[in-house]
Amino acid sequence: MCGIFGYVGQRPAAPIILDGLRALEYRGYDSAGVYVAGSGVVKATGPVDIVASLVPKTWTGTSGIGHTRWATHGPPTERNAHPHSDMSDSLWIVHNGIIENYQALKEGLLMQGVQFSSDTDTEVLAKLIGSLYRGDVREAVLAALSLVEGAYGIAVMSEHDPYRLVVARQGSPLVIGLGTGENFVASDAAPLLIHTKDVVYLTDGEVAVIDRQSYSITNRAGKAHTRLPERIEWSVETLQKNGYAHFMEKEIFEAPSVVENTIRGRLLLERGRAKLGGIEAHLPHLASLERLLIVGCGSAYYAGQVGRIMLEEYGGLPVEVELGSEFRYKRIFAHDKTAVLAITQSGETADTLTSVRRAKEAGLLTLGIVNVVGSTIARETDAGIYNHAGPEVAVASTKAFISQLTALALLTLAVARERGLSLQDGQAIAQGLQELPAALQTVLDRAAEIKAIAATYATYRDAMFIGRKLHAPIAYEGALKLKEVTYLHAEAYAGGELKHGSIALLDPSFPVVALAPRDAVYEKMISNIEEVRARQAPVFAIGTAGDHDLSRVANDVFLVPSVHPLLQPIVTVLPLQLFAYYVGVARGLNVDRPRNLAKSVTVE
Ligand code: G6P
């Protein structure tokens with residue numbers, strides 16, 4: 001969370017930095033600010049566009065830094081917005097992360113007579129660097145960082161040395177972009193794409209000095225690290241709305257192509273197998289596991305819950321799923337028959353990353369299902385599966401979730417076939433995966449039906465989502481989507497659990513969204529819907545094609561194509577994503593940037 005963008009070059013810096021910040025806004029949008037050497041500083045609460053409107057056209061400086069904030073220390077006011085400066089207002093810093101010992105550092109600086117004008121931990125770091133500055137910014141940064149505890153990605157620039165950008169990383173990502181006669185730094189690769197595809201990823205503990213022509217990387221002790229640039233594959237178009245009203249809408253409508261990209265080259269139809277290059281070397285070990293621990297946060301956690309049932313039912317592999325924020329504090333039992341699988345779109349979520357590190361320390365094999373190539377978790381896991389879903393811009397995860405489920409189905413196929421799943425059953429799953437994009441397209445072609453249903457449900461204040469087995473986690477994901485983008489109260493339960501308490505909430509003003517595909521628990525689900533109907537709660541049911549019975553128990557029905565049972569949740573979640581999107585739009589909200597949220601949660 002929080003986005004950093006820095007530039008040293010020959011073009012006016014302000015528009016470049018502001019565009020970079022706009023592309024990073026999904027990381028936080030409480031406030032923003034920009035410093036351009038030789039020109040000035042502008043900060044404001046709210047989105048980057050407000051700062052942009054305040055930047056004078058006369059700014060011609062060709063280097064600077066900018067920041068878009070997700071507040072941790074202090075409210076999102078202008079005085080807390082970055083960049084922050086040292087005592088002389090000549091050294092400026094932007095920061096992503098949390099300085100844990102900022103209070104102690106602040107007290108030391110206060111005793112030296114340093115005055116503060118914000119509530120932030122970042123200003124403490126700025127003043128600390130300033131107090132240690134003896135004419136070389138890099139030396140001052142190294143000296144300050146030796147006193148700091150916590151997580152940071154920082155970019156520092158001095159008015160006295162405006163063509164040298166000093167950046168450092170510990171826990172919060174930073175990527176250097178290499179241009180011609182100009183260089184960049186950003187919190188992730190996406191905003192660099194319009195300038196360059198050649199990037200250098202910093203790793204934890206590294207400090208880099210970037211000027212117009214070159215970059216040099218060292219560790220915090222000053223020892224040089226050599227790192228060759230890498231090439232990013234994503235295209236610029238993936239970062240544009242391409243005619244859609246919102247990124248969320250665009251990303252939901254990308255579902256068929258996302259699945260195509262996730263399965264491309266990975267299905268062996270005749271052999272009923274999945275070929276996953278990233279984990280192939282570990283497949284014999286995976287097949288011999290006694291337990292898999294899946295970790296993730298938010299939607300990735302719910303994807304993990306679906307994955308658990310896939311792997312248990314079809315692969316006979318016992319699986320546990322943990323929230324990253326809990327797993328990291330859990331006692332880990334070292335066991336060579338246990339592995340950890342981290343699921344993460346960004347590859348940067350702090351709690352998931354720490355879980356991976358703890359698992360590694362305990363000697364467990366670590367795997368990842370990661371979307372962002374080159375991200376920290378992609379690098380730090382022993383092996384993994386890339387989603388190839390392309391960048392996801394809307395804060396609420398949609399296409400990445402669908403891709404995560406698809407990757408989990410591929411993993412299930414690969415592991416299950418090693419663990420005794422028959423050729424015929426394997427072929428059926430592979431064939432089902434092949435046909436999945438067409439099934440998803442069928443749902444999208446009827447999005448207007450969901451829009452009409454959403455218009456009705458947008459008038460309620462609450463919603464309850466229910467589902468069973470593979471569809472219980474989908475109910476939770478549906479409720480999460482609705483909460484995130486509509487601010488309505490939504491909760492989810494496994495259908496059979498409702499009567500143990502939460503059914504007390506239901507009345508004619510409390511609708512229920514029920515997932516009732518024709519699967520092994522269909523009859524049980526119908527009973528649960530009847531229980532709900534008996535309390536006069538309105539019901540919106542999602543079932544599978546050909547089900548003419550559902551309309552007898554539900555007020556509104558949407559039927560999705562029936563696919564292989566393992567893959568059904570991948571199709572069934574799509575109307576729930578559309579439902580949340582249309583309710584959010586009907587309520588006039590900024591669905592791409594819900595309040596209080598950020599896409600990449602790099603604080604613990
Ligand atoms: C944030 C996002 C969620 C996402 C979660 C995990 O909370 O708003 O949409 O599911 O982080 O992110 P990750 O990048 O690890 O998948």
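## A walk through the predicted fold

Let us start with charge: the 56 positive and 65 negative charges of the protein have mean positions that lie 1 Å apart. Keep in mind as you look around that this is a predicted model.

Now for the overall build. The protein contains 19 helices and 27 strands. Its radius of gyration is 25 Å, close to the 25 Å that the globule rule gives for 604 residues, so the protein is as compact as a globular protein of that length. If you turn the C-alpha trace along its principal axes, it spans about 75 × 55 × 45 Å. Of the 604 residues, 61% count as buried. The accessible surface comes to about 22,000 Å², and carbon and sulfur atoms hold 50% of it. Contacts tell us about the chain's path too: among those with a separation of 6 or more, 71% join residues 24 or more positions apart.

With that frame in place, let us visit helix 11, which covers residues 350-361. This helix has twelve residues, and the distance from its first C-alpha to its last is 16 Å, close to the 16 Å expected at 1.5 Å a residue. Several of its residues are buried, and they include Ala350, Asp351, Thr352 and Leu353 at the start of the list, with Thr354, Ser355, Val356 and Ala359 also buried. What lies over them? The cover includes three strands, namely strand 18 (291-296), strand 20 (338-344) and strand 21 (365-370), along with helix 10 (324-327) and helix 12 (376-380). After helix 11 comes glycine 363, with a positive phi near 85°.

Next, move to helix 4 (residues 121-132), where you will find threonine 122. Threonine 122 has a relative accessibility of 1%, and because buried means under 20%, this residue counts as buried. Leaving aside residues up to four places away in sequence, threonine 122 touches Ile93 and the histidines His82, His84 and His95.

Our last stop is leucine 436, in helix 14 (residues 423-445). With a relative accessibility of 0%, leucine 436 counts as buried as well. Which residues does leucine 436 touch, not counting those up to four places away in sequence? They are Val259, Thr406, Leu567, Ile570 and Val571. Valine 557 offers a further point of reference: it sits 121 residues from leucine 436 along the chain, and the C-alpha atoms of the two are separated by 22 Å.

Technical notes: Residues numbered from 1 in each chain as written. Predicted model: local features only at pLDDT ≥ 70, side-chain atom pairs only at ≥ 80, totals over all residues. Heavy atoms only, no water. Helix = DSSP H or I, 4+ residues; strand = E, 2+ residues; numbered from the N terminus. Rg over C-alpha atoms; globule rule 2.2 N^0.38 Å. Buried < 20%, exposed > 50% of the residue type's maximum accessible area, 1.4 Å probe, protein only. Contact = heavy atoms within 4.5 Å. Areas by Shrake-Rupley, 256 points an atom, 1.4 Å probe, with all protein chains shown as cover. Lys, Arg positive; Asp, Glu negative; His and termini not counted. Charge placed at Lys NZ, Arg CZ, Asp CG, Glu CD. Expected span 1.5 Å × (residues − 1).
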